Amino acid sequence: MPILYLINTEQFCMAPFVQPDEVMIVRYVQPLTPEQRQLLETTMKDAPAFRARSRAHGLLLSAHGTTIKDIAKTSQVHRVTVSAWIKHWEQHGAQSLHDPEFSVRSS
């Protein structure tokens with residue numbers, strides 16, 4: 001019996017179903033701790049920045065098993081953007097939710 005690995009990439013052939021020798025990758029957020037889940041839920045509901053709320057919502061959807069493609073469609077962003085959200089979350093945690101503050105210097 002062949003082993004089917006799931007990855008988040010386009011299918012390798014045009015067939016509407018997975019062939020036994022085909023590899024499909026799906027990527028999700030690592031399982032969340034209760035504290036991480038609470039942080040994401042609070043950010044999604046209360047953060048003043050729309051982008052932080054969108055990132056938190058996308059990460060929660062991923063933790064529930066929603067594919068990157070579906071999260072991208074829901075959030076109206078490119079799937080590469082959602083993949084970056086997941087990568088940054090795994091590398092930087094809560095800091096990844098908010099855009100860095102840029103100071104404006106007066107001339």
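The axes of helices H2 and H4 come within 10 Å of each other and cross at roughly 90 degrees. The two helices are therefore roughly perpendicular, since angles of 65 to 115 degrees count as such. That crossing is a good place to start in this predicted model, whose secondary structure comes to 4 helices and 0 strands. Read from the N terminus, the elements run α-α-α-α.

**Where H2 meets H4**

- On the H2 side, the contact is made by Ser54, Arg55, Gly58, Leu59 and Ser62.
- H4 answers with Trp85, Ile86 and Trp89.
- Sorted by class, the residues of this contact divide into 4 nonpolar, 3 polar and 1 charged.

**Where H3 meets H4**

- H4 has a second crossing to look at: its axis and that of H3 come within 8 Å and cross at roughly 110 degrees.
- That angle makes H3 roughly perpendicular to H4, because the range for this label runs from 65 to 115 degrees.
- H3 brings Ile68, Ile71, Ala72 and Ser75 to the contact, while H4 brings Arg79, Val82, Ser83, Trp85 and Ile86.
- By class, the contact of H3 with H4 has 6 nonpolar, 2 polar and 1 charged residues.
- Trp85 and Ile86 of H4 take part in the contact with H2, and Trp85 and Ile86 also appear in the contact with H3.

**The nonpolar core**

- In soluble globular proteins, nonpolar side chains tend to be buried together.
- Here, the largest nonpolar core has 14 residues, and those with the most contacts inside it are Leu40, Leu59, Val82 and Trp89.
- Helix H2 (50–63), helix H3 (68–75) and helix H4 (79–92) are the elements that give two or more residues to this core.
- H4 gives the most to the core, with 4 residues.
- Leaving aside neighbours within four places in sequence, leucine 40 is in contact with Leu32, Ala56, Leu59, Leu60, Trp89 and Leu97.
- Two of those partners, Leu59 and Trp89, are listed with Leu40 among the residues with the most contacts inside the core.
- Leu59 of H2 and Trp89 of H4 also belong to the contact between those two helices.

**Three residues worth a look**

- Isoleucine 68 is found in helix H3, and at 3% relative accessibility it counts as buried, because the cut-off is under 20%.
- The C-alpha atoms of isoleucine 68 and serine 83 are 6.8 Å apart in space, with their positions 15 residues apart in sequence.
- Both Ile68 and Ser83 are part of the contact between H3 and H4.
- Glutamine 76 is found in the loop between H3 and H4, and although it is not a glycine, it has a positive phi of about 55 degrees.
- At 74% relative accessibility, glutamine 76 counts as exposed, since exposed means over 50%.
- Lysine 87 is found in helix H4, and its 43% relative accessibility makes it partly exposed.
- Valine 29 lies 58 residues away from lysine 87 along the chain, yet their C-alpha atoms are separated by 8.5 Å.

**The chain as a whole**

- Buried residues make up 25% of the 107 residues in the protein.
- The protein exposes about 8,000 Å², and carbon and sulfur atoms supply 57% of that area.
- Of the contacts between residues at least 6 apart in sequence, 48% join residues at least 24 apart.

Technical notes:
Residues are numbered from 1 along each chain as its sequence is written. This is a predicted model: local features need pLDDT of at least 70, side-chain atom pairs count only at pLDDT 80 or more; totals for chains, interfaces and linings use all residues. Side-chain values use heavy atoms; hydrogens and water are left out. A nonpolar core is a set of buried Ala, Val, Leu, Ile, Met, Phe, Trp, Tyr and Cys residues joined through side-chain atoms within 4.5 Å. Buried means under 20% relative accessible area, exposed over 50%, partly exposed in between (1.4 Å probe, protein chains only). Contact means heavy atoms within 4.5 Å. Axes are lines fitted to C-alpha atoms, for helices over the stretch in contact, and angles run from 0 to 180 degrees between N-to-C directions. Angles under 35 degrees count as roughly parallel, over 145 as roughly antiparallel, 65 to 115 as roughly perpendicular and the rest as oblique. Ala, Val, Leu, Ile, Met, Phe, Trp, Tyr, Cys and Pro count as nonpolar, Asp, Glu, Lys and Arg as charged, and the others, Gly among them, as polar. Accessible areas come from the Shrake-Rupley method with a 1.4 Å probe; for residues, only the protein chains shown count as cover.
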